[in-house]
Amino acid sequence: GKKVTKFSLDKGVLTATVSDAEGAKLLSDGLTTPFTMEIMKLVEAGQGDIVSDKFGEFKETGIVTKHFDWVLPTLLVTAEGASPNSVLIKFTPEGQTLLKEVFAKNRGGVIGIFVRGQLMSKKLIDNKDKEPSIQIDGIPSEDLAKAFSDDVNVGLHVTFSPLQ
């Protein structure tokens with residue numbers, strides 16, 4: 001039979017109907033697992049906190065979930081033309097300060113943006129990186145850039161908890 005799962009949203013209730021108890025558990029786990037996002041720097045083998053089989057080892061920088069403010073899908077204009085397949089990651093004031101420090105200390109290095117422990121994007125830090133935000137381009141489609149923005153913003157600003 002169908003399983004009904006309810007979640008509180010501060011002042012409202014979200015009710016989801018799924019096909020079975022296993023689906024309800026997957027949905028509940030997905031919604032209630034704490035959201036994490038962080039910036040890590042690429043380091044030499046043996047020095048990392050997280051290992052990516054494809055991209056190497058990354059070490060914590062101190063920029064964690066609470067330092068991210070908002071993600072916006074944006075239009076990126078480059079020498080090659082305009083691309084709507086990008087997002088702008090904005091930071092809290094404390095996050096902006098930490099980001100500037102990470103950029104200053106790691107010129108020529110690579111940082112990775114991790115969401116829920118997974119590497120989502122990596123970026124070479126060059127001399128033009130001084131902004132209080134980060135632009136990510138190369139997202140496969142405009143719709144995916146919008147979906148990523150929405151998903152991250154919900155993760156950053158909404159907490160789901162199962163009703164008892």
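# A walk through the chain, starting at Ser121

Set aside the neighbours within four places in sequence, and Ser121 is in contact with Ile111, Gly112, Ile113 and Ile136. Find Ser121 in strand 9, which spans residues 118-124. Is Ser121 buried or exposed? Its relative accessible area is 15%. Buried means under 20%, so Ser121 counts as buried. Keep in mind that this is a predicted model.

Now step back to the whole chain. How many helices and strands does the chain have? There are three helices and 11 strands. Read along the sequence, their pattern is β-β-α-β-β-β-β-β-α-β-β-β-α-β. The chain has 164 residues, and 35% of them count as buried. About 10000 Å² of the chain is exposed. Carbon and sulfur atoms supply 52% of that area. Next, look at contacts between residues at least 6 apart in sequence. Of these, 53% join residues at least 24 apart.

Next comes the inside. The largest nonpolar core has 24 residues. Which of them touch the most other members? They are Met37, Ile39, Ile63, Phe68, Ile89, Phe91 and Ile134. Several elements each supply at least two residues of this core. The strands that do so are strand 3 (37-43), strand 6 (68-78), strand 7 (81-91), strand 8 (110-115) and strand 10 (133-136). Helix 2 (93-105) and helix 3 do so too.

Take Ile89 as one example from the core. Leave out residues up to four places away in sequence. Ile89 then touches Met37, Phe68, Trp70, Val71, Ile113, Ser133, Ile134 and Ile136. Ile113 and Ile136 also appear among the contacts of Ser121.

Move on to Leu99. Its place is in helix 2. The relative accessible area of Leu99 is 0%, so this residue is buried. What does Leu99 touch beyond its neighbours within four places in sequence? Its contacts are Ile39, Ile63, Phe91, Glu131, Pro132, Ser133 and Ile134. Four of these names are familiar: Ile39, Ile63, Phe91 and Ile134 are among the core residues that touch the most other members. Glu131 deserves a second look. Leu99 and Glu131 are 32 residues apart in sequence. Their C-alpha atoms are 8.6 Å apart in space.

Helix 1 offers two further stops. Leu27 has its place in this helix. With a relative accessible area of 27%, Leu27 is partly exposed. Ala16 is 11 residues away from Leu27 along the chain, and 8.7 Å separates their C-alpha atoms. Gly30 also sits in helix 1. Gly30 counts as partly exposed, at 41% relative accessibility. Now compare sequence and space for Gly30 and Phe160. They are 130 residues apart along the chain, yet their C-alpha atoms are separated by 9.7 Å.

Helix 1 leads on to a pocket. Rolling a probe the size of a water molecule over the atoms shows where empty space is left. The second largest pocket holds about 240 Å³ of space. It is lined by 14 residues, and those closest to its centre are Leu31, Phe35, Arg116, Gly155 and Val158. Which elements give two or more residues to this lining? They are helix 1 (21-32) and helix 3 (142-157). Helix 3 gives the largest share, four residues. By class, the lining has seven nonpolar, five polar and two charged residues.

End with Arg116, one of the residues closest to the centre of that pocket. Arg116 lies in the loop between strand 8 and strand 9. Is it buried, partly exposed or exposed? Its relative accessible area is 43%, so Arg116 is partly exposed. The backbone has a twist to notice here. Most residues other than glycine have a negative phi. Arg116 has a positive phi, near 55°.

Technical notes
Residues are numbered from 1 along each chain as its sequence is written. This is a predicted model: local features need pLDDT of at least 70, side-chain atom pairs count only at pLDDT 80 or more; totals for chains, interfaces and linings use all residues. Side-chain values use heavy atoms; hydrogens and water are left out. On a 1 Å grid over the protein atoms alone, a cavity is a set of points where a 1.4 Å probe fits but cannot get out, and a pocket is an open set with protein on both sides within 12 Å along at least five of seven lines; lining residues have an atom within 4 Å of a point. Grid points are joined across faces, edges and corners, and a volume is the space filled by probe spheres set on the points. Ala, Val, Leu, Ile, Met, Phe, Trp, Tyr, Cys and Pro count as nonpolar, Asp, Glu, Lys and Arg as charged, and the others, Gly among them, as polar. Buried means under 20% relative accessible area, exposed over 50%, partly exposed in between (1.4 Å probe, protein chains only). Contact means heavy atoms within 4.5 Å. A nonpolar core is a set of buried Ala, Val, Leu, Ile, Met, Phe, Trp, Tyr and Cys residues joined through side-chain atoms within 4.5 Å. Accessible areas come from the Shrake-Rupley method with a 1.4 Å probe; for residues, only the protein chains shown count as cover.
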